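Student: Please take a close look at one part of this model, the side of one chain that touches the other. How do the strands and helices there fit together?

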Amino acid sequence: MDHFTPRPREIALERLQAYILEHNLQPGEALPPERDLCQAWGINRTTLRSAISRMEASGRLFAVQGSGTRLMHRLQRSPENLSSFAKAAFSSGFRPDTRILSIKKTACSAFLSRYLRKESGETLYEICRLRLLDEAPALADAAYLPADLLPGLEDCDLQNRSLFQILKENYHFQLRQSTVKISLTHVTEEEGALLELPAGSAAFQIVTVTEDTDGTPIEYCRTIGRADKLELTAPLYWADTEDGRI
Amino acid sequence: MKLKRGHSPLYLQLRNEIRRKIETGEYPPGTAIPSEKQLAEHYGVHRLSVRIALDALLREGLLKSSQGKGVYVCGPKAQRNPQTILSGFRHGLEEHEKDAESRLLVKAERSAGPYYAKLLQINPEDSIWYIRRIDSIGGQAVALEDIYITASKLPELPDIDLQMFSLYDAFYWSGIHVSQGTQVLRITCLDAATARLLGLKAKQPVMQESYLIQDEAGEPVAFSRCCIRAEKAEYSIKCAIRNA
């Protein structure tokens with residue numbers, strides 16, 4: 001078996017990542033001065049700089065003019081908190097805010113009819129929201145729901161309550177599951193304007209279709225999430241049966 | 001063992017001998033057995049007899065051959081390949097299995113160093129296996145995977161051919177029941193040299209999927225980090241909703 005020796009800048013990168021874990025560096029907290037790290041690890045400034053700039057490029061660290069390099073703060077979304085933006089934000093240590101951009105009735109497109117089991121042209125609610133973390137735009141979403149199932153939805157308090165909460169409490173839907181598709185997209189000019197990003201920037205696209213216990217689709221939602229503000233986590237379990245059948 | 005002339009046909013004796021070596025673990029799963037030429041010389045038989053002896057074992061699925069590389073011992077199939085993941089984000093690449101190809105770039109031993117030691121809960125000076133491979137679909141590189149494995153958990157790895165067998169099979173043969181982990185998806189970009197391996201330029205975004213693989217006791221056994229080209233990065237997951 002070959003022996004692998006990481007290059008000096010890889011070693012510096014691993015040291016840096018280990019430092020963050022060992023010192024339990026919290027999002028927003030700063031690394032010690034570069035001079036001190038170089039001295040402690042016996043490496044030169046160029047090597048350390050190269051490791052830091054790699055972590056900046058990958059969105060793990062960010063530089064603050066005049067006050068060093070800090071750990072990026074991201075919203076963690078997982079299957080457990082996917083249904084509530086506010087809950088997810090609080091547990092990641094952010095102050096969440098929602099701005100309702102628009103709520104209106106619209107005709108179901110051929111595309112949406114496939115997901116919502118409605119005919120093209122039937123009436124849907126379209127709700128566009130901007131989600132903010134510590135007052136900075138992070139996610140923009142557009143949700144589509146069958147209007148006939150949700151009379152008076154526009155009068156509900158979407159500002160302060162989650163849509164799922166309203167569906168359950170006001171309309172007594174028993175929601176069963178969401179099917180979520182995650183991909184990488186590039187923001188359009190309009191999305192970029194909302195999220196304060198240049199058009200073409202990479203972002204998460206999260207498409208969620210939620211159904212109730214009868215299997216009736218209740219909501220189709222497309223979310224665009226800033227790459228530097230969001231990470232998705234999920235617990236993994238492997239099948240645990242002797243013959244491997246699930 | 002010497003083969004005896006005049007008894008049952010030589011190819012049958014040789015077949016039984018190889019079967020015994022597989023069953024006793026003298027030829028461990030995932031490793032190559034000696035070549036036809038070596039077997040012929042060692043047992044003093046014609047190469048044709050060796051081929052006939054192996055044919056039945058290949059058909060039975062005890063052995064597997066790879067053009068130009070040799071003949072490998074198949075262990076029992078691990079039931080915990082990523083395809084059997086019960087939860088977690090499922091990757092769209094799984095559906096391309098047919099024209100998918102995996103190319104090994106690095107398979108080497110290294111010391112864990114402070115970071116992987118922390119992740120794998122071992123000492124920085126402990127040995128780990130480092131594997132880097134590229135997955136292609138239809139000839140185009142789509143994913144670059146780096147895997148770091150606690151060497152003491154999988155001492156047989158150096159002899160196991162990872163082009164032929166999955167890492168999950170290797171764990172299974174070592175008695176490690178991979179059972180859980182945590183998966184994280186991030187959008188990131190790679191440094192120029194790494195990006196080039198995927199046919200990308202530096203700063204072009206990729207989806208990075210990382211996860212820790214744990215055994216049944218919850219002890220980490222490996223850490224994997226996989227970067228996938230933007231247009232191929234599609235994941236799906238079903239989330240149950242608690243009706244509180």
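Tutor: The model is predicted. One pairing between the chains shows the register: Val180(A) has Ile237(B), a residue of β10(B), as its bridge partner. That bridge lies where strand β8 of chain A, residues 175-186, pairs with β10(B); the two strands are antiparallel and share seven bridges.

Beyond this pair, 45 residues of chain B are in contact with 47 residues of chain A. On the chain B side, the elements that give two or more residues are β4 (100-111), α4 (113-120), β7 (180-189), β8 (205-214) and β10 (234-240). Of these, β7(B) supplies the largest share, ten residues. By residue class, this side of chain B divides into 24 nonpolar, 13 polar and eight charged residues.

Strands of both chains also join in an open sheet of nine strands with mixed pairing, in the order β1(A)-β4(B)-β5(B)-β6(B)-β9(B)-β8(B)-β7(B)-β11(A)-β4(A). Its edge strands both belong to chain A: β1 (2-3) and β4 (75-77), each of which pairs on one side only.

Within the chain B part of the sheet, β6(B), residues 140-150, and β9(B), residues 220-229, form an antiparallel pair over seven bridges. There, Asp146(B) has Arg225(B) of β9(B) as its bridge partner. Helix α4(B) packs on this sheet and touches β4, β5 (127-137), β6, β8 and β9 of chain B. The direction of α4(B) makes about 115 degrees with that of β9(B). The helix α4(B) is thus listed twice: among the elements that give two or more residues to the side touching chain A, and as the helix packed on the sheet.

Terms used:
Residues numbered from 1 in each chain as written. Chains lettered and ligands numbered in written order. Predicted model: local features only at pLDDT ≥ 70, side-chain atom pairs only at ≥ 80, totals over all residues. Contact = placed C-beta atoms within 7 Å. Helix = DSSP H or I, 4+ residues; strand = E, 2+ residues; numbered from the N terminus. Nonpolar A, V, L, I, M, F, W, Y, C, P; charged D, E, K, R; others polar. Pairing = 2+ DSSP bridges. Axes fitted to C-alpha atoms, helices over the stretch in contact; angles between N-to-C directions.
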